[in-house]
Amino acid sequence: MKQPEIETEIPLIEEILGSWQTALMADYQGYKNHVYRMLHFCFALHECRGDEREKLIIAACFHDLGIWPEGSVDYLPPSMALAKNYLEKRGRVDWEQEVLLMIDMHHKLRPYTDPRFPLVEIFRQADLVDVSFGKIGKGIPKPFIEQVKAVFPNAGFHQRLRQLAWQHFKKNPFNPIPMMKW
């Protein structure tokens, strides 16, 4: 597996997330670093060609973003709505199905197997690498995972997710992890 070069600034990420900095407040850096880590893991799992890179970047920026306007871990529908709105404004409606599937399926427990959309499974695996702090590596060399984590530190992102999950659980004990899919 070829390791990609670590990019410390990807203009499209900066553009999309920069417009959300006020809404994310103290969580901005942690979320942005999560997006960068995830994308680097996507790029390590799959050599992107053409529009694939841009689709992955857009999906990564929006995949958890619905947490903040909703203040909830039941964030997949709001995240998808934000991505859909972005794609429509950019004249990329033709990407909508694939980008929204990446967001909707990124916490799927089993592999996503529809051969029409291979980026969905790559995206799912990359998020799993990051959520597991690299313990589940999906074939990505450990030194690369550690290097990415060092360049883009957690900055409290996972702790914030735990806080939100606990708040959600107290209100919804019978649906504690609504973002998970089989």
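1. A first point to bear in mind is that this is a predicted model. Glu-146 has a relative accessibility of 43% and therefore counts as partly exposed, because that label covers the range between under 20%, which is buried, and over 50%, which is exposed. Lys-149, with a relative accessibility of 24%, is also counted as partly exposed. The side chains of Lys-149 and Glu-146 meet in a salt bridge, at 3.3 Å from N to O. These two residues are 3 residues apart in helix 9, so about one helical turn separates them. This agrees with a general feature of helices: an α-helix has 3.6 residues a turn, so residues three or four places apart point the same way.

2. Helix 9 is worth a further look, since its two sides can be described separately. Phe-144, Ile-145 and Val-148 are buried in this helix, and they lie on the same side of helix 9 because the arc they cover around the axis is only 100 degrees. Pro-143 and Ala-150, on the other side of helix 9, are exposed. As for the partners of the buried side, the buried residues of helix 9 pack against helix 3 and against helix 8, which spans residues 118-131.

3. The model holds 9 salt bridges, and the one within helix 9 can be set beside two others. Glu-14 forms a salt bridge with Lys-32, and their closest N and O atoms are 3.0 Å apart. This pair links distant parts of the chain, with Glu-14 in helix 1 (residues 11-18) and Lys-32 in helix 3, 18 residues apart. Glu-14 counts as partly exposed, at 22% relative accessibility, whereas Lys-32 is buried, with a relative accessible area of 13%. In another salt bridge, the side chains of Asp-130 and Arg-37 meet at 2.5 Å, N to O. Here, too, distant parts of the chain are linked, with Asp-130 in helix 8 and Arg-37 in helix 3, 93 residues apart. Both Asp-130 and Arg-37 are buried.

4. Turning to the rings, the structure holds 4 aromatic pairs. Tyr-36 and Phe-152 make a stacked pair, with 4.8 Å from centre to centre and 15 degrees between the planes. Tyr-36 belongs to helix 3 (residues 28-45), while Phe-152 is in the loop between helix 9 (142-151) and helix 10 (157-171), so that the pair links parts of the chain that are 116 residues apart. Tyr-36 is buried, with a relative accessible area of 0%, and Phe-152 is likewise buried, with a value of 4%.

5. Phe-62 and Tyr-86 form a pair that is tilted, because their ring centres are 5.3 Å apart and their planes stand at 45 degrees. Phe-62 lies in helix 4 (residues 52-62) and Tyr-86 in helix 6 (residues 76-89), so this pair ties together parts that are 24 residues apart in sequence. Both of these residues, Phe-62 and Tyr-86, are buried. Elsewhere among the rings, Tyr-31, Trp-68 and Phe-157 are linked into a cluster by ring pairs.

6. Which residues touch the most other members of the largest nonpolar core? They are Ile-13, Ile-58, Phe-62 and Val-99, in a core of 58 residues. Helix 3 gives the largest share of this core, with 11 residues. If residues up to four places away in sequence are not counted, Ile-13 touches Gly-18, Lys-32, Val-35, Tyr-36, Leu-39, Ile-57 and Cys-61. This list includes Lys-32, the partner of Glu-14 in a salt bridge, and Tyr-36, the partner of Phe-152 in an aromatic pair.

7. Ile-103 is placed in helix 7, which covers residues 96-104, and it counts as buried, at 0% relative accessibility. Leaving out residues up to four places away in sequence, the contacts of Ile-103 are with Ala-59, Phe-62, His-63, Leu-76, Ser-79, Met-80, Ala-83 and Phe-123. For one of these contacts, Phe-123, the sequence separation from Ile-103 is 20 residues and the distance in space is 8.4 Å, C-alpha to C-alpha.

8. A last point concerns annotation, which should be read with some care. In an unreviewed entry, UniProt lists residues 33-130 as "domain: HD". Over residues 33-130 the chain is 65% helix and 0% strand, and the C-alpha atoms at the two ends are 10 Å apart.

Definitions and conventions:
Residues are numbered from 1 along each chain as its sequence is written. This is a predicted model: local features need pLDDT of at least 70, side-chain atom pairs count only at pLDDT 80 or more; totals for chains, interfaces and linings use all residues. Side-chain values use heavy atoms; hydrogens and water are left out. Rings of Phe, Tyr and Trp (its six-membered ring) pair if their centres lie within 6.5 Å; planes under 30 degrees apart count as stacked, over 60 as edge-to-face and the rest as tilted. Helices (H or I, at least four residues) and strands (E, at least two) are DSSP runs, numbered from the N terminus. Buried means under 20% relative accessible area, exposed over 50%, partly exposed in between (1.4 Å probe, protein chains only). UniProt positions are given in the numbering used here, feature names are shortened, and annotations may be inferred rather than shown by experiment. A nonpolar core is a set of buried Ala, Val, Leu, Ile, Met, Phe, Trp, Tyr and Cys residues joined through side-chain atoms within 4.5 Å. Contact means heavy atoms within 4.5 Å. The arc is that of the directions from the helix axis to the C-beta atoms. A salt bridge is a side-chain nitrogen of Lys or Arg within 4 Å of a carboxyl oxygen of Asp or Glu.
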